[in-house]
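Subject: Structure handover

Hello,

Here is the structure I promised to pass on. Please open it and keep it beside this email while you read.

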Amino acid sequence: MRIVFMGTPEFAVPSLEALLKSDDSVVGIVTQPDRPRGRGQRLSPSPVKVIAQREQIPLLQPTKMKDPAFLAELSSWKPDVIAVAAFGRILPPAILSLAPRGCINVHGSLLPKYRGAGPIQWALINGEAETGITTMLMDEGMDTGAMLLQAKIDIGPEDTAGSLSSRLAELGGRLLIETLSQLKAGTLTPRPQDHSQATLAPLLKKEDGVIDWSLPATSIANRIRGLTPWPGAFTFLGADRWTIYRAVAIDEAATLSPGQITALTKDAIHVATGSGVLAIHELQAANSRRMPVAQYLTGHPLQTGMQLSQSASL
């Protein structure tokens, strides 16, 4: 089959690599325009563009999905199917109807749960025990199309959005190949989603990272995992902002008010929450680097009773 691949971030790479190793032909790739990245905000290509350039595959980076010139070039590739993984833009009807076998999306959840841009993060934030990949036929809705195949994986207690995304991306590549294989064999039966069971996973913003210490310790720990590495869960000790990367909930009664430091050990800072205690094991203070708490404490003597809060204070 002639395949056009549409994707942008690192999550999309295993799906593209799997296609390149398959018997099908990737005749073109579409990714988002180069974006400013890093401290210098230099324009950088997406991970998918890097592969397209490496493999010398025709590449398009449209700024507008309905641009006539873009649609004409895309149509000239004559794809049998369009494979999509974390492309990051809504596809108009002109693209959805372009390939005879449709647009197949690799989505990072067990649909109909977690439709939207942040399925991996929200599964962690909500304390799910498992998640997975769904391949689906795209329609004009937000992840509402008929499902093709699904594969599940367990969410481990140490998983973050970063580690879980990597595992799901690899699974997505394998499931995409299986989906295309069954599509060619004529053994796929699309299954409509039960829309009454749908949940949403909206795109996260930087402000979603602020920690509310009145929540239970388990909820805060899950939120930290879901926000690592981006946008990062943060709190303030006075005017100093801490981004917390690793913490675990402790099932013990808090003796102080939510947000107050209840105890200091050689490798953890214990903080009272709305229910239970959160043990912080890894953080990054402002103008510093990410480090274990044991290292942080050597240069920053703290005391029990100190208050962590949702905003900076002098």
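Which elements do the buried residues of α2 pack against? Keep that in mind for a moment. One caution comes before the answer: this is a predicted model.

Now to helix α2, which runs over residues 47–55. Its residues V48, K49, I51 and A52 are buried. Around the helix axis they cover an arc of only 160 degrees, so they sit on the same side of α2. The buried residues pack against four elements: β1 (2–7), α1 (13–20), β2 (25–30) and β5. Look just past the end of α2 as well. There, Q56 takes a positive phi of about 55 degrees.

Next, the open sheet. Strands of a sheet pair through backbone hydrogen bonds, in either a parallel or an antiparallel sense. This sheet has seven strands, and its pairing is mixed. Read across it and the order is β5-β2-β1-β6-β7-β8-β9. The edges are β5 (59–60) and β9 (147–154), each of which pairs on one side only. Inside the order, take β7 (residues 103–107) and β8 (residues 130–137). These two are antiparallel, with four bridges between them. To find the register, look for H107, which stands opposite T134 in β8.

Now move along the chain to strand β10, residues 233–237. Is β10 enclosed or open? Five of its five residues are buried, so β10 is largely enclosed by the rest of the structure. Its side chains point two ways. A233, T235 and L237 point one way, while F234 and F236 point the other way. Both sets are buried.

Which strands does β10 pair with? One is β11 (residues 240–250), in the antiparallel sense, over five bridges. In that pair, A233 stands opposite I244 in β11. The two strands form a hairpin, with two residues between them. G238 lies in the turn and has a positive phi of about 65 degrees. The other is β16 (residues 308–309), also antiparallel, over two bridges. Here F236 stands opposite S309 in β16.

One loop residue is worth a stop. T228 is found between α7 (217–226) and β10. Is T228 buried or exposed? Its relative accessible area is 4%, and the cut-off for buried is under 20%, so T228 counts as buried. What does T228 touch, leaving aside its neighbours within four places in sequence? Its contacts are T160, A161, G162, I244 and Y245. You have met I244 already: it is the β11 residue opposite A233.

Last, the whole chain. It has eight helices and 16 strands. Along its principal axes the C-alpha trace spans about 65 × 45 × 30 Å. Of the 314 residues, 49% count as buried. The accessible surface comes to about 15000 Å², and 52% of that belongs to carbon and sulfur atoms. Consider the contacts with a separation of 6 or more: residues 24 or more positions apart account for 66% of them. Charges come next. There are 29 positive and 28 negative ones, and their mean positions are 5 Å apart.

A good place to begin is α2 and its buried residues V48, K49, I51 and A52. Then go to β10 and trace its pairing with β11 and with β16.

Best wishes

How values were computed. Residues are numbered from 1 along each chain as its sequence is written. This is a predicted model: local features need pLDDT of at least 70, side-chain atom pairs count only at pLDDT 80 or more; totals for chains, interfaces and linings use all residues. Side-chain values use heavy atoms; hydrogens and water are left out. Buried means under 20% relative accessible area, exposed over 50%, partly exposed in between (1.4 Å probe, protein chains only). Two strands pair if DSSP finds at least two bridges between them. Contact means heavy atoms within 4.5 Å. Accessible areas come from the Shrake-Rupley method with a 1.4 Å probe; for residues, only the protein chains shown count as cover. Lys and Arg count as positive and Asp and Glu as negative; His and the chain ends are not counted. The place of a charge is taken as NZ of Lys, CZ of Arg, CG of Asp or CD of Glu. The arc is that of the directions from the helix axis to the C-beta atoms.
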